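Visitor: I should like to learn how to read the pockets, cavities and charged pairs of a protein model. May we work through one together?

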Amino acid sequence: MNAVTEQFAPESYLTPEALEMIEKAKALAPKLAERSFKADTEGRISDETIEEMTREGFFRVLQPKRWGGYEMDPRVFYTIQMELAKGCMSTAWVFGVVGVHPWQLALFPAQAQQDVWGQDSSTRIASTYMPTGKAEPVEGGYRFSGRWSFSSGSKHCDWIFLGGLLPKADGTGIEHVTFLLPKADYRIEDNWDVLGLRATGSHDIVVENAFVPAHRTQRTNDHSDVGCPGRAENGNWLFRIPFTHVFQRAVSTSCLGALDGAISEFKRRATSHVGKHGNRTAEDPNSQTAVTEATIALDQLKLVLFRNYARIVNAAKTGVQLDLEERLLQRAQASYVPKLTGFHASELLRATAASGTFRTNPIERVFRDIHQGRAHIANNTDAYVRAYGSQVLGIANQEPFV
């Protein structure tokens, strides 16, 4: 196969099984759109939606095969997420967050995987990784306490990943550690009342003096086999991708699908809407510019996503680590997604004029959802843009998650 033929060849990760999963997501999106207003109003994705996503196998896309999962290429995962977001970004956000947790649990010791999936391999895990947990070493593990915010989909899960800090094994400082706890060891404080992504139910989590066995911890940024003991059972290349590459795209990619949905809604609305002064939206130069520029930006951002992930997958398959500069650039590019999609969602909403600002307009919700997504620390564009800029200008990297 020559270079030209290879360039236009079907992507190898789009297996028949992967294409079937993507088609299931496309079929579900219109239902999500119908449920989105109610979910946004109630601040909760319905049990019906979660059950349907579970039944279709979406939460198994990145799960190890030995536990009934599919071990699919992450590009399939993100494509599913974009399709879901066309109907409801909150649902796609929860899928993105909860759906990557089977991938991380696969890195934990085998006993931790048994603890969660031994009775039911469809058991879901929530998370909030901010390192606010206080861990006191005790025999066999840790006494663990703390309060964490922003645990998306937590009411639909029976276990949780929580962030904390522990001394490094070599004594050179501290590092981020993920602690795994069952539902009996934490409580959910229902306080999610925000601008957008309202249906994600990203409530606070409180833990008071729970015991966490040592086997239910994982050194989040230690990508070695020692730091990821679960690879002994889960040997697929999928589980050699660094944590940041998997998780950051999980909290930015739903913005792409949401903007895609907003563009479709804008085109549908503009072709028939006539303003109070008798002007057709389709004839408005602002509308023509807004829909074109949003489409161009969406196309560019998708191309970068799949191009970068092709590099990530190849590195995982060949056992090569991408160099620091490339990792920092990829992180900046991922965090740029909510910023740029937020701008174009704003322009689309502006072009719908005053009548478009009612909550019955799906573009209004997309506007709120994307701007809420920008608030996630992994989507802090300015910080990650500066991290890359500092590196290429000769200043030592201070970003631990790359």
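Visitor: Which polar contact joins the side chains of R60 and S121, and at what distance?

Guide: A polar contact is a pair of N or O atoms within 3.5 Å; within protein, one must be able to donate a hydrogen and the other to accept it, and residues adjacent in sequence count only if both atoms are side-chain atoms. Here the side chains of R60 and S121 are joined by such a contact of 3.0 Å. The side chain of R60 also makes a polar contact with the side chain of Q63, at 2.8 Å.

Visitor: On what footing do such values rest?

Guide: This is a predicted model, in which local features need pLDDT of at least 70 and side-chain atom pairs count only at pLDDT 80 or more, while totals for chains, interfaces and linings use all residues. Residues are numbered from 1 along each chain as its sequence is written, and side-chain values use heavy atoms, with hydrogens and water left out.

Visitor: Where is R60 placed, and which side chain of opposite charge is nearest to R60?

Guide: Buried means under 20% relative accessible area, exposed over 50%, and partly exposed in between (1.4 Å probe, protein chains only). A salt bridge is a side-chain nitrogen of Lys or Arg within 4 Å of a carboxyl oxygen of Asp or Glu. For charge, Lys and Arg count as positive and Asp and Glu as negative; His and the chain ends are not counted. R60 is in the loop between α3 (47-55) and α4 (74-87); helices (H or I, at least four residues) and strands (E, at least two) are DSSP runs, numbered from the N terminus. R60 is buried yet has no salt bridge, and the nearest side chain of opposite charge, D120, is 5.2 Å away.

Visitor: How many salt bridges are there by this rule, and which parts does the pair E56 and K24 tie together?

Guide: The count comes to 30 salt bridges. In one of them, E56 and K24 meet at 3.5 Å, N to O. E56 lies in the loop between α3 and α4 and K24 in helix α2 (residues 16-42), so this pair ties together parts 32 residues apart in sequence. Another salt bridge, between K86 and D260, has an N to O distance of 3.7 Å. That pair links distant parts of the chain, K86 in helix α4 and D260 in helix α8 (residues 254-270), 174 residues apart. K86 counts as partly exposed at 35% relative accessibility, whereas D260 is buried at 15%. Salt bridges also link R147, R187, E189, D204 and E208 in a network.

Visitor: What volume has the largest pocket, and which element gives the largest share of its lining?

Guide: On a 1 Å grid over the protein atoms alone, a cavity is a set of points where a 1.4 Å probe fits but cannot get out, and a pocket is an open set with protein on both sides within 12 Å along at least five of seven lines; lining residues have an atom within 4 Å of a point. The largest pocket holds about 720 Å³ of space. Of its 29 lining residues, the closest to the centre are M130, F247, H376, I377 and A378. The largest share of the lining, five residues, comes from β1.

Visitor: How many cavities of 30 Å³ or more are there, and what lines the largest?

Guide: The count comes to two. The largest cavity, with about 70 Å³ of space, has a lining that includes T244, H245, N308 and Q330. With four residues, α7 gives the most to that lining.

Key: Grid points are joined across faces, edges and corners, and a volume is the space filled by probe spheres set on the points.
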